[in-house]
Amino acid sequence: MELTTYSFFNELEKDSRIFLENHIKPITVPKGNLLFYQGDICENILWLTQGEVRLYRQEEGIEEITIYILKAGEQCIVNTASLLSQTEAVASAITLSDIKGYLIDAKSIKKLSRMSDVYYTYLFSLYHIRFEALTQLVGDIKFKRLDTRIMEWLKKQPEPICNITHENLALELGSTRVTISRILKDLEVQGKVILHRGKIELL
């Protein structure tokens with residue numbers, strides 16, 4: 001089963017694993033589809049085994065800000081918190097690529113968390129991991145200059161020429177396309193980057 005990409009799966013108690021295998025449904029979703037909207041109450045949890053999902057928040061009249069990118073082997077805390085507490089999701093989720101995974105409904109996930117100490121512990125670890133990431137995001141937005149954040153992001157990429165639009169970079173960094181374009185132009189004048197159509201080259 002592809003859920004072996006999840007750290008908890010191989011450690012599950014036997015009865016919990018059998019229960020899980022009997023209560024999940026495989027799912028495939030094409031790129032560019034919304035999985036849930038900010039304000040929805042989630043009815044299922046997605047366990048992602050292939051592809052990526054972007055979690056983002058948007059206020060009225062303000063451009064979107066990316067909260068984080070969900071990758072295979074990770075469980076979304078926005079999705080989880082909404083389902084377990086039956087409260088509105090604090091962000092929206094959209095597929096960045098074709099995705100594959102499994103869905104499990106609210107009743108089953110609550111029973112699994114009661115049955116399995118392994119899964120219960122995993123749930124709490126999610127919040128620790130994401131809380132650290134969100135704290136870093138807030139700190140970066142508040143205390144770091146945007147040009148510094150852009151350069152740090154570019155240096156983390158595997159290749160010096162990065163295939164990304166100004167709009168998508170703005171989504172990554174929680175800014176606006178206009179602001180990102182202006183700062184990139186300044187960085188180009190400074191000889192730190194070269195701007196191509198749909199690409200940014202780090203010098």
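Let's start with a pocket. The second largest pocket has a volume of about 260 Å³. One caution before going on: this is a predicted model.

What sits closest to the centre of that pocket? Of its 20 lining residues, L35, F36, N44, N79 and L103 are the closest to the centre. Now the elements. Those that give two or more residues to the lining are β1, β2 (34–36), β3, β4 (52–57) and β7. And the chemistry? The lining divides into 16 nonpolar residues, two polar and two charged. For anyone who asks about the probe: rolling one the size of a water molecule over the atoms shows where empty space is left.

Next, helix α1. That is residues 14–23. Which of its residues are buried? S16, F19 and L20. Around the helix axis they cover an arc of only 100 degrees, which puts them on the same side of α1. Now look at the face turned away from that buried side. There you find the exposed residues K14 and N22.

So what covers the buried residues of α1? The cover includes three strands and a helix: β1 (24–29), β3 (44–50), β7 (99–105) and α3 (106–115). Keep β1, β3 and β7 in mind, please. Each of them also gives two or more residues to the lining of the second largest pocket.

On to the rings. How many aromatic pairs does the structure hold? Eight. I'll show two.

Pair one is Y6 with W47. Its geometry is tilted. The centres are 6.3 Å apart, and the planes make 55 degrees. Y6 is in the segment before α1, and W47 is in strand β3. That is 41 residues apart, so this pair links distant parts of the chain. Buried or exposed? Both Y6 and W47 are buried.

Pair two keeps W47 and brings in Y119. This one is edge-to-face. Centre to centre it is 5.9 Å, with 80 degrees between the planes. W47 lies in β3 and Y119 in helix α4, residues 117–143, so the pair ties together parts that are 72 residues apart in sequence. Y119 is buried, as is W47.

Put the rings together. Which residues do the ring pairs link into a cluster? Y6, F8, W47, Y119 and Y122. W47 is in both of the pairs I showed, with Y6 and with Y119.

To recap. The pocket lining has 16 nonpolar residues. Helix α1 has its buried residues on the same side. And ring pairs link five residues, W47 among them, into a cluster. That's it from me.

Conventions: Residues numbered from 1 in each chain as written. Predicted model: local features only at pLDDT ≥ 70, side-chain atom pairs only at ≥ 80, totals over all residues. Heavy atoms only, no water. Buried < 20%, exposed > 50% of the residue type's maximum accessible area, 1.4 Å probe, protein only. Helix = DSSP H or I, 4+ residues; strand = E, 2+ residues; numbered from the N terminus. Arc of directions from axis to C-beta. Contact = heavy atoms within 4.5 Å. 1 Å grid on protein atoms, 1.4 Å probe; cavity = no way out; pocket = protein on both sides within 12 Å on 5 of 7 lines; lining within 4 Å. Points joined across faces, edges and corners; volume = space filled by probe spheres on them. Nonpolar A, V, L, I, M, F, W, Y, C, P; charged D, E, K, R; others polar. Phe/Tyr/Trp six-rings, centres within 6.5 Å; stacked < 30°, edge-to-face > 60°.
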